Amino acid sequence: MNYKDVELILNQLDFKPKKHLGQNFLTSRNIIDKIIKVSDISREDTILEVGPGIGALTKPLIEKAKKVYAVEIDPILSEYLSEKFSVHDNIEIINDDILRIDIPSHNKVVSNLPYKITGPILEKLFFKATAPQGILTIEKSIANRFFLSGNYKDFSRISIGLNAFMNPVVKYSIPRNSFYPIPKIDLALVKIIPKENLNQMLLNEESVQYFLGFIAGIMPYKNKNLVNALYLSFKVTRDSYYTKEKILNILQKENFENKKLFNYEIEKFIELSRIFHS
Ligand code: SAM
């Protein structure tokens with residue numbers, strides 16, 4: 001798929017890309033080849049593609065994988081893809097919202113994600129004990145925060161959540177002119193693979209939800225010290241049980257120093273959420 005192919009298909013469909021659905025279609029063969037190479041797909045792989053668009057990635061995925069599930073919210077594009085790939089029996093096009101459906105079992109996600117809902121998609125697909133690999137094109141500023149490497153000042157709920165479950169292993173910048181229409185943000189390709197030895201706290205759905213809520217609660221206070229950050233976040237949820245004294249006592253018993261929040265590493269956040277969960 002190159003610029004001319006995309007132009008031709010969109011003209012044939014009389015289709016205007018929709019901004020609110022993040023419809024920026026890949027027009028660079030080199031980038032498509034790069035994504036497929038990094039995905040390292042074999043006949044053993046069952047792939048989930050979120051937002052196949054007009055099929056730039058879908059075609060090479062079908063050629064290499066055992067099975068491809070492609071979830072596209074836009075009915076016009078879904079219909080176009082169903083016709084385009086009707087001769088292939090290893091693809092299922094699902095015309096629905098990725099955030100609203102039960103997703104069929106898969107071991108890799110290969111996608112140029114709709115940028116406006118990157119956070120909720122990451123959370124749904126990867127923040128769990130049995131996560132797939134991900135080869136994703138996402139906003140570069142979000143990708144940068146995956147690779148914290150000791151600089152915890154820039155962390156966010158998404159980067160902490162992601163690093164709790166996944167190891168980010170690869171990041172490449174993608175030029176904006178690899179898409180039509182040209183997006184207003186910089187993009188990057190990342191590969192993330194599931195962590196092997198997950199903390200006990202992250203092994204069941206109920207405690208994962210507590211952990212994610214806990215992170216969301218303290219994240220607004222990352223420039224405060226730990227006691228104050230915890231106190232303020234419990235205050236927001238109207239949990240008056242936790243006075244500053246109680247929090248300090250618990251932390252001292254568990255050998256936690258009272259440093260600024262951004263000094264703590266991922267494992268410490270998981271440990272903290274375990275302590276307050278119990
Ligand atoms: N994969 C194509 C490509 O690389 O050329 C298109 C990628 S485009 C950045 C994102 C795609 O996600 C669009 O086709 C859009 O319609 C679709 N999309 C947006 N929101 C979605 C949602 N909630 N569920 C499923 N697909 C969605």
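Q: Two strands pair if DSSP finds at least two bridges between them; in what order do the seven strands of the open sheet lie?
A: This is a predicted model: local features need pLDDT of at least 70, side-chain atom pairs need 80 or more, and totals for chains, interfaces and linings use all residues. Residues are numbered from 1 along each chain as its sequence is written, and side-chain values use heavy atoms, leaving out hydrogens and water. Helices (H or I, at least four residues) and strands (E, at least two) are DSSP runs, numbered from the N terminus. The open sheet has mixed pairing, and its seven strands follow the order β4-β3-β2-β5-β6-β9-β7.

Q: Which are the edge strands of this sheet?
A: An edge strand pairs on one side only. Two strands of the sheet do that, one at residues 91–94 and the other at 166–174. They are β4 and β7.

Q: By how much are neighbouring strands of this sheet turned against each other on average?
A: Axes are lines fitted to C-alpha atoms, for helices over the stretch in contact, and angles run from 0 to 180 degrees between N-to-C directions. For this average, direction is ignored. Neighbouring strands of the sheet are turned by 20°.

Q: Which residue in β4 stands opposite A70?
A: Strand β3 covers residues 67–71. It pairs with β4 in the parallel sense, over four bridges. Opposite A70 stands I93.

Q: At about what angle does α7 run to β7?
A: Helix α7 spans residues 157–165. It lies across β7 and also across β9, residues 187–194. Its angle to β7 is about 125°.

Q: How far apart are the axes of α8 and α11?
A: Helix α8 (205–218) packs with helix α11 (266–277) at an angle of about 110°. In contact (heavy atoms within 4.5 Å), residues of α8 including F211, F214 and I215 meet α11 residues, among them F269, L272 and F276. The axes of α8 and α11 are apart by 9 Å.

Q: What separates the centres of domain 1 and domain 2?
A: The domain assignment gives domain 1 as 3–197 and domain 2 as 201–277; such bounds come from an automatic or database assignment. Across the boundary, 14 residues of domain 1 are in contact with 16 residues of domain 2. Taken over C-alpha atoms, the centres are separated by 33 Å.

Q: Which residues does a cis peptide bond join?
A: Omega of this bond is about -10°. One partner, P181, is found in the loop between β8 (179–180) and β9. The bond joins Y180 and P181.

Q: Phi of which residue is near 50°?
A: The value is positive, in a residue other than glycine. The loop between α1 (3–13) and β1 (25–26) holds D14. The residue with this phi is D14.

Key. Two strands pair if DSSP finds at least two bridges between them.
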